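Please look over the sequence and the structure shown below before reading the exchange.

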Protein chains: 2
Amino acid sequence: MSINRHMYQLGAKRNIMREIFEYGKKRAEIVGPENVLDFSLGNPSVPPPAKVNDTIRAVLSGPLSDSVHAYTSAQGDAEVRAALAASLRRRFGAKCGPEHLYLTVGAAAALCSCLFGLACPGDEFIVIVPYFTEYKVFIDGTGAATVEVPAKEGTFDLDLEALDQAINRHTKGIILNSPNNPSGVVYPAETLTALGDLLRRKSAQFADPIYLISDEPYREVVYEGVTVPWIPAYYENTLVCYSYSKCLSLPGERIGYVLVPPSMEDHQTVYAAVGGAGRSLGYINAPSLFQHVAAACDGETADLSVYQTNRNLLYEGLTGMGYTCVRPDGTFYLMVKAPEPDAEAFCRRAMARDLLLAPTDTFGLPGYVRIAFCVDTEKVRKALPVFRELAEEYGL
Amino acid sequence: MSINRHMYQLGAKRNIMREIFEYGKKRAEIVGPENVLDFSLGNPSVPPPAKVNDTIRAVLSGPLSDSVHAYTSAQGDAEVRAALAASLRRRFGAKCGPEHLYLTVGAAAALCSCLFGLACPGDEFIVIVPYFTEYKVFIDGTGAATVEVPAKEGTFDLDLEALDQAINRHTKGIILNSPNNPSGVVYPAETLTALGDLLRRKSAQFADPIYLISDEPYREVVYEGVTVPWIPAYYENTLVCYSYSKCLSLPGERIGYVLVPPSMEDHQTVYAAVGGAGRSLGYINAPSLFQHVAAACDGETADLSVYQTNRNLLYEGLTGMGYTCVRPDGTFYLMVKAPEPDAEAFCRRAMARDLLLAPTDTFGLPGYVRIAFCVDTEKVRKALPVFRELAEEYGL
């Protein structure tokens, strides 16, 4: 065979979360979907806010009825970008205009466009362990190296000393993800202030900017009034990668953006490189109808109260049973220490009871599982006794 | 600056067709859109068939109302793929099932997934001159080399002798595009039969398959009963890259597919490599709502009669004025020999009269212009006198 072996491996092995998801779909056909306790994938369980489908209907009945499906500018429709920039100025005091936004086919496309736009031979990108599995896949694609820096054990906040040691003259950037998948942690302002100081010092030392690539699909998915700091306010060389997948419950539609703020040095050059990378990867423009959905719905969220209920039930339930968990401030993930060193073995035991969990091995951190609690609360209630059985088996 | 220079160049220079398109939009604000005779971009001018928006409305009002926006399997929704496979079997006698289809974010994503999935270090891909500008951009991205093989002058049919000479042990594949952008030519069955024979012979000689990557966004955009041969029937190692952009007039929505037919040797391995490449490039799944549009509308077209009218007016008008043109059997492009060796200079003269044409230099063939006649017929009528003025200036 003369195909690309690396791509074949990526296609044949797939993402383990996707594998479990597919297994769950097949299992549902046998035992019924209500009996598969699938906590494996971050597929939002609450419907989109009514405004999503209302916007689609309004666009299809309005003056854009036919033209909405046409090509837009590669960076996205100008009016849509103006609306989004105004929303970011209003909501976060962001200093940006439409010319700093590049609409993308979701956050994955945003990340790839940033990484491919920045990466040069010999470069390194830092990821914070545990990290979203696909970061490494995307970085690998650019030819750059992935450098794993662990978060602080226990809190999963950034370990600035470890970062200080890991950054060198090859460091092109750091992927940050707050609220964090899989830990649910929101990095506090103090951490970000210190991070900004560190990156400014290191950029000066190596006479080259170190870019912060801030992956923010969970920005609005937070609990009990937690505020997510606006990261470009803490460090000027920040690229924001955003997706409407999670807040609006439309991950299948693939709509997001990159913000290259004007605070960044040579921001126009970086913006061009991001757009050039998007072009090189075959991203012609972000899906046009959903560009308008984004413009109409920016800042809105689906009803997140189910996630809040689920978080409380799971966090209190599992800690009460003796599991060790990190209390998530945001996202719909709960990270739990597996009751045996081999988290995959624990997942297999759970799977035998139709409880589907994701081991965090593929997040670069063995020994934990991720519970994606974007499910009906009924499933949480059904899952708790299964967790209790497992706790008893393990003698927690 | 420490960004990737290649990506910066791609982003800063942009596609010249896109540049002209942007220029036309700005010019329209000054002189009014009805006075900009923009023939630069292949943006369909006729509205989508009613079934497109009807399908969207039906999906949003039906049982899929909320779940349609969720992630699908990476290769696309299983029922959608089953519907598309059935349509291909019915329409073309294609031997395929849902497991041979991989839905993509348009044809560009389909091409990138194929190219990245196949390319190994040292590989070459052949393109037929003139060729769609972005083929080279996509091939460059994989690290492979682009080998340009001219079509036959005059007819722009494949030059099989030139292909025979160009194919060597590094040849991984050939990108074919029929109906062809920019020439409008549809390769006849005899040519494809001879091409299949040639590729089988060469594959055997080098003991490695040579893949045909058939880029078919214009498959249904043909005139006066012209039939487009189904290419996998002529050569088994064909990957079909399809897009609904042109036939359904929805290029902004980004929906298409790759077909890896079971006739291909090791088709499952190739399919995995294509999917792995899509994953590596950040393509999570094709936009989910429009997957359903594709399933409902496969084989339908927008009303193409305007294109037919335009083609006849332009072809007859321009040849009557002394221009040298290739009569297109399909697509909405007409290729015209520029009346001076420097086609860009000719385009600038036309642009000074608000007539926007694309020089084919970026298609790898100097000396021609491409007229994208996907416009209101009124604009064709306005353009003809401008073409006449230019013909007179040049003394045709």
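The exchange that follows takes up helices and a chain contact.

Visitor: How should the model and its labels be read?

Guide: This is a predicted model, in which local features need pLDDT of at least 70, side-chain atom pairs count only at pLDDT 80 or more, and totals for chains, interfaces and linings use all residues. Residues are numbered from 1 along each chain as its sequence is written, and chains are lettered from A and ligands numbered from 1 in the order in which they are written.

Visitor: How are helix 5 and helix 9 of chain B oriented to each other?

Guide: Helices are DSSP runs of H or I with at least four residues, numbered from the N terminus. Helix 5 (residues 106-118) and helix 9 (residues 267-280) of chain B pack at about 110°, their axes 7 Å apart; axes are lines fitted to C-alpha atoms over the stretch in contact, and angles run from 0 to 180 degrees between N-to-C directions. Because angles of 65 to 115 degrees count as such, helix 5 and helix 9 of chain B are roughly perpendicular.

Visitor: How many residues of helix 6 of chain B are buried?

Guide: A residue is buried if 20 or more other C-beta atoms, placed from the backbone, lie within 10 Å of its own. Among those buried in helix 6 of chain B are Y135(B), F138(B) and I139(B). Helix 6 (residues 134-142) of chain B is mostly covered, and the buried residues number 7 of its 9.

Visitor: Which helix of chain A gives the most to the side that touches chain B?

Guide: Residues are in contact if their C-beta atoms, placed from the backbone, lie within 7 Å. The contact takes 68 residues from chain A and 68 residues from chain B. With 10 residues, the helix of chain A that gives the most is helix 9.

Terms used: Helix = DSSP H or I, 4+ residues; strand = E, 2+ residues; numbered from the N terminus. Parallel < 35°, antiparallel > 145°, perpendicular 65-115°, else oblique. Buried ≥ 20, exposed ≤ 12 C-beta atoms within 10 Å, placed from the backbone. Contact = placed C-beta atoms within 7 Å.
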